[in-house]
Amino acid sequence: MIDIPPYPPLDPSNYDLIIVGTGVSESVLAAAASSSGSSVLHLDPNPFYGSHFASLSLPDLTSFLHSNSFSSPPPPSSPPLPPSNNHDFISVDLVNRSLYSSVEISSFESEILEEHSRRFNVDLCGPRVVFCADESINLMLKSGANNYVEFKSIDASFVGDSSGELRNVPDSRAAIFKDKSLTLLEKNQLMKFFKLVQSHLASSTENDDTTTVKISEEDMESPFVDFLTKMRLPPKIKSIILYAIAMLDYDQDNMETCRHLLKTKEGIDRMALYIISMGRFSNALGALIYPIYGQGELPQAFCRRAAVKGCIYVLRMPITALLLDKETGGYKGVRLASGQEIFSQKLILDPCVTVGLESLSSLTDQQNETLSVLVPKALINKEKVSRGICVIRGSVKADVSNALIVYPPKSLFPEQLTAIRVMQLGSGLAVCPADMHVLYLSTLCDNDDQGIKSLLSAMSNLIRLPDPENHQSDSVVENDTCEAKPILLWRALYVQELVKGEYGGTISSMPSPDGNLNYNEIVESALKLYEQLMGSEELFKEETSVENTTEENDGGVDIED
Amino acid sequence: MHGRPRKAASKPEASAAKALKLRSVQSQFMSNHHRKIYTQEAIQLSAKLLAINPEAYTAWNYRKLAVEDNLSRIDDSDPSLVNSILNEELEVVAIALRRNLKSYGAWYHRKWVLSKGHSSLEKELQLLNKYQKLDLRNFHAWNYRRFVLELTKTPQQDELHYTTDMINDVSFSNYSAWHNRSELLSSLVAKKADGFMPKETIRRELDYVHNAIFTDEDDQSAWFYYLWLLDQTVKMETPLRTSSWPSDGSIIILSGPGCFNGSSSSSKFTTFCSESGSFPLILYFDQAVSGVSSSTVTIDSELQGNQDLVWEPVSDKNSQLSCVWVARLKFDSAEPCFRKENKVKVSLGKSQGIVSSRGCYLSAPYEFVFTVHIHDTVGEPQEGIVLWTDGFDNWDAQSKDLNSLITSDQLNADTGFEWRKQAIKIEIECFRDLHDSKFGKLILARLLMAEETMISDDAVKGVHYNEILQLYKDLMALNSSHDQYYKDEHSVALLHKVTSSTESLSRRLFLYRNMNNIVCLRLNNLTLSRIAAVEKFLFVQMLDLSHNELHSAEGLEAMQLLCCLNLCHNRIRSFSALDSLRHLKQLRVLDVSHNDMGGKHPVDTTRYLCSRPLSNSAEIGRQVPCKYWDAYLVLRDLKKLKQLDIIRGNDLIAGEEFSSFVRQVLPKLVWLDGHKLAS
């Protein structure tokens, strides 16, 4: 653990809300709550902002993953103090839950990487992007957090398969026109489907059902994949729509393994998000944008917003215990690692913070109830997300720096149950040195082996895995065939647990990063929690962008309405 | 710029103030202009005016005068002085364009300045890129771009790449870019530039534009370009004689006026009675040509007096371009060559001169031979009324006579014939996939028609017609607002179908007993709205088009042998729609009853295009009531007309006045609306 430097006691010691962890949902809540006038103390045990959403240098990322994984030795916990009885409350010790497993980090060109080590901003929760029409963008605009982040476009998106070929995702009229792999008839069918969706959206927003075509209620409730079949779209196009536009994870054609069968209604919503994103900002190339300096900028932007509104920030400050009322068993406050005791009405915790089972046994029922959200639940489905990060020299596609690549289910190998998403980011986004790229990979999985296997398969499809034996005696023939493939310099593989957030009255627990490509579900859960905490108080009511910073930045995307 | 709503006008008070200001500037400017004041101050004022109103043409012209004036005063040897004057002009234009991107005067002024030798073309291109980004389809900018590139001598290939980039990277719904492409390609193909042979170029472009059409079948810009390409593909360059009368190898029987005696044998041949001792020789080309004359068409025959034939174009327009050319060959039934076979050899194109509107010459020399029998006449010409109801004998389906009447098409010698045929084949396959779109159907129908004309194998000829007819029927149901167009095309296809084989044509051919057994083609009750395929039945002398939906007689002018024509129960609205009948010198019987003539549509808009009532009224003279001038224009040329059915079923003033007018114009008329006229 981090050595806690001597810290002056915090003043005041009483708040409306204490938030532990600076992930995206915690930061959104901090900004929202302080903007509505609540006094907020925002803590993070780490020396950086963002928690599991942070962007870190390679050494920092390595140590964070190791210290938060199962394989690491449990933190030397001081023997649990007996619940102190000298006050009106009892204290319950907290335990850190590990989110990561199967962490494996390997470096193939340590010297070069060490030389540049501080020039990396690598995301913990990658691959992740923002859709231009995302709720998170709306929230940034509404809160004013957009003033602290700058975005750039993702240049292209591709669909890959085992052949190694990357085909452009025909996601717009112009892209369909230019596409070289679709037949004329497929172009026609795909565009017609886009038009149908657009016409349906127009009819549902304008309430004018005279001329526009609307998709029937019955179809809206049917599985999206069936609807696509009904529209006579060929398998190739179905796959593009399902996995590269609607960004689904599970094989929609396989009822046995599909955990989430999408309804047409949801499918249309997802397509709508994509379509609206395409045209939202005039200087964005496509639907997707990425924050310069990494995803860690997003929680930080909300934190800055919160700080402006009076939220107090303390980093490197874990909490060690919860304080409960002796009589009622209700929540009172927390004990910081510095020893100081701080009190608040409500408490919001990072998903890693849990209560040890042994400490629960000595508690009363009422106390147990207060802490219920912190008790690790036996998960019903062991769904996890496996993630991979590669630092490579060169690019997976010539002339393209920032790109999203989707491998639909079964596209790489027959047992591939879920879509694998890969994102390449370049130095233009200030995430790595000039001639390199960072690749993020992720896929949902039931167990670590399955997830890691999928990621390795996608990696070998895209990049050259350095072979230490062959490294010296490079055979010319082999070099010729894989010359175009970029070479791997550094790699991290890990599997992350998916923890859901939980609202528990006074104490609430926030979700871990999810397996999605964007923040929509995370932001949604944060907003729901805000509603539960604050009632119907309007979100960021006064913030409607008074400051108007129109900086001309080349290639950057101004997200202003 | 396109599809965006206009901004609401500013408040009335504000615009009133603006107008006041504009008016004062304008009057000051006009006074400067009239007094030819070209001081710096006065020039500034014109700039001010143009900044407010770029449409002030006078101000642009004033500036041109001022520039000329200034240039005449300064030392020409100092280029910087000239440049500073011209730069100021460019600046004024730029300001005006900021106000209105589509100001004709401003763009023209810029061209004018450039023509003065101002040479910063690089800057012009930068400016253009800016404007073309502001509005992709600003045709002013595209025009100006062509002008600048002409000056810079930029290779057209580079400019072609530019249009590709505009289409690929910005939007393919860009008429201007596609149009520029067609201009560039036309020029490159004409120059025979490397890699721009017509065959490859058109194939490449067709494949390219398919992407746009299939991506968005409702996008008109792509269709426009496609139609241009299709035109380039379908249209042969070299004109072709498609048919003639008499046709190659045929035998015709000529006689003088009166009843030809020999009804038993006549069915085998075409008989033609002439009162004037001449018969028409008709040449029909697949496209309008000029230069048909006695020097380009030579006649070799024993018939006397046909050395210097006069060839006349048969067309409504007063031009020397026509698909149909006719000359009158003389014969004399009193000559000793009577009952003798006279061979007539017609040779075309031995000396070059027959040329299409595109400037292409008739491909190869061609000749054909026919035989003429001359019979004497027995008895008096028939005076009986033609009733169109009976007196018809079926054509003997077994007889092979028809083969000699219908000319087989001359083989097309166009150099591009094979690749064109191939290209159309590929296009047909391609558009069968787009069968549920209305444009797809229309293009498919057009492609099938084009392919049909290229089929030379008799066994498969006519194979597409049923599909074409069905496509147009579908289109009529699908898009009723363009119903009339589809109906016309349907008629064209139907007529081609009927005439596609001797077998199907012979089913509609009859012999009219009461008039020398002349050949009658009955195309009644076919819902025809337009006449086509006339070249296939030039030999017909009696034509029944009754009970159709024709709105014009256009196309019939080629039928120089026609003596009886039935157009009753059609939708002809006015006499000007019958204009093409003027060319039918042989016409003796005409039925135009039961149409809409003079009825619900008293104002015929086509009249303004072709005829001038006032200039003609003097010619008609006092005797002819002025209100019948349009009838007069058609009827005056039908000198031989003996029977006319016109009043019944038309909203004409049926009275003594009209019938006396008709009798005056048509002195030979015997029957008017079924009544025998008193002589």
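**Entry 1: a strand pair in chain B**

I began with B:C564 and looked up its bridge partner in β16 of chain B, which is B:V589. The model I am reading is a predicted one. The two strands concerned are β15 (residues 564-566) and β16 (residues 589-591) of chain B; they run parallel and are joined by three bridges. I noted for reference that strands of a sheet pair through backbone hydrogen bonds, either parallel or antiparallel.

I then asked in what order the strands of this open sheet follow one another. The order in chain B is β11-β12-β13-β14-β15-β16-β17-β18-β19, nine strands in all, and the pairing is mixed. At the edges I found β11 (392-394) and β19 (675-676) of chain B; each has a single partner strand, so one side of each has no neighbour in the sheet.

**Entry 2: chain A as a whole**

I recorded 16 helices and 23 strands for chain A. Of its 561 residues, 56% are buried. Chain A exposes about 24100 Å², and carbon and sulfur atoms supply 51% of that area. I also looked at contacts in chain A between residues at least 6 apart in sequence: 74% of them join residues at least 24 apart.

The domain assignment divides chain A into domain 1 (14-75 + 85-98 + 293-379 + 500-534) and domain 2 (172-277). I noted 39 Å between the C-alpha centres of domain 1 and domain 2 of chain A.

**Entry 3: A:V40**

I located A:V40 in strand β2 (residues 40-43) of chain A. Is A:V40 buried or exposed? Its relative accessibility is 1%, and A:V40 therefore counts as buried. Beyond its neighbours within four places in sequence, A:V40 is in contact with A:Y15, A:L17, A:I19, A:A30, A:A33, A:S34, A:C311 and A:I312. I also checked A:L360, which is 320 residues from A:V40 along the chain; the C-alpha atoms of the two are separated by 28 Å.

**Entry 4: helix α4 of chain A**

I listed the buried residues of helix α4 (residues 135-143) of chain A: A:S136, A:I137, A:L139, A:M140, A:L141 and A:S143. As background, an α-helix has 3.6 residues a turn, so residues three or four places apart point the same way. Just after α4 of chain A, I noted that A:G144 takes a positive phi of about 90°.

**Entry 5: salt bridges**

Over all chains I recorded 47 salt bridges. In one of them, the side chains of A:D514 and A:R128 meet at 3.1 Å, N to O. Why does this pair tie together parts that are 386 residues apart in sequence? A:D514 lies in the loop between β22 (507-509) and α16 (520-534) of chain A, whereas A:R128 lies in the loop between β6 (122-123) and β7 (130-131) of chain A, so the bridge ties these two parts together. Both A:D514 and A:R128 are buried.

In chain B, I found a salt bridge between B:R110 and B:E124, with the closest N and O atoms 2.7 Å apart. B:R110 is in helix α5 of chain B and B:E124 in helix α6 (residues 121-134) of chain B, 14 residues apart. With a relative accessible area of 3%, B:R110 is buried; B:E124, at 1% relative accessibility, counts as buried too.

A further salt bridge in chain B joins the side chains of B:D579 and B:R582 (3.0 Å, N to O). B:D579 has a relative accessible area of 16%, and is buried because the cut-off is under 20%.

I also looked up a network of salt bridges, which links A:R173, A:K195, B:D216, B:D218 and B:D219.

**Entry 6: B:S46 and a surface patch**

I placed B:S46 in helix α2 (residues 40-52) of chain B. Its relative accessibility is 0%, so B:S46 counts as buried. Which residues are in contact with B:S46, leaving aside its neighbours within four places in sequence? They are B:F29, B:Y62 and B:R63.

Last, I turned to the surface of chain B. There B:Y57, B:Y104 and B:F139 form a nonpolar patch, with about 340 Å² of accessible area together. Within this patch, B:Y104 has its place in helix α5 (residues 104-115) of chain B. Helix α5 of chain B also holds B:R110, entered above for its salt bridge.

Notes. Residues numbered from 1 in each chain as written. Chains lettered and ligands numbered in written order. Predicted model: local features only at pLDDT ≥ 70, side-chain atom pairs only at ≥ 80, totals over all residues. Heavy atoms only, no water. Buried < 20%, exposed > 50% of the residue type's maximum accessible area, 1.4 Å probe, protein only. Helix = DSSP H or I, 4+ residues; strand = E, 2+ residues; numbered from the N terminus. Patch = residues over 30% accessible without salt bridge, like charges linked within 9 Å, V, L, I, M, F, W, Y side chains within 5 Å. Areas by Shrake-Rupley, 256 points an atom, 1.4 Å probe, with all protein chains shown as cover. Salt bridge = Lys/Arg side-chain N within 4 Å of Asp/Glu carboxyl O. Pairing = 2+ DSSP bridges. Domains from an automatic or database assignment. Contact = heavy atoms within 4.5 Å.
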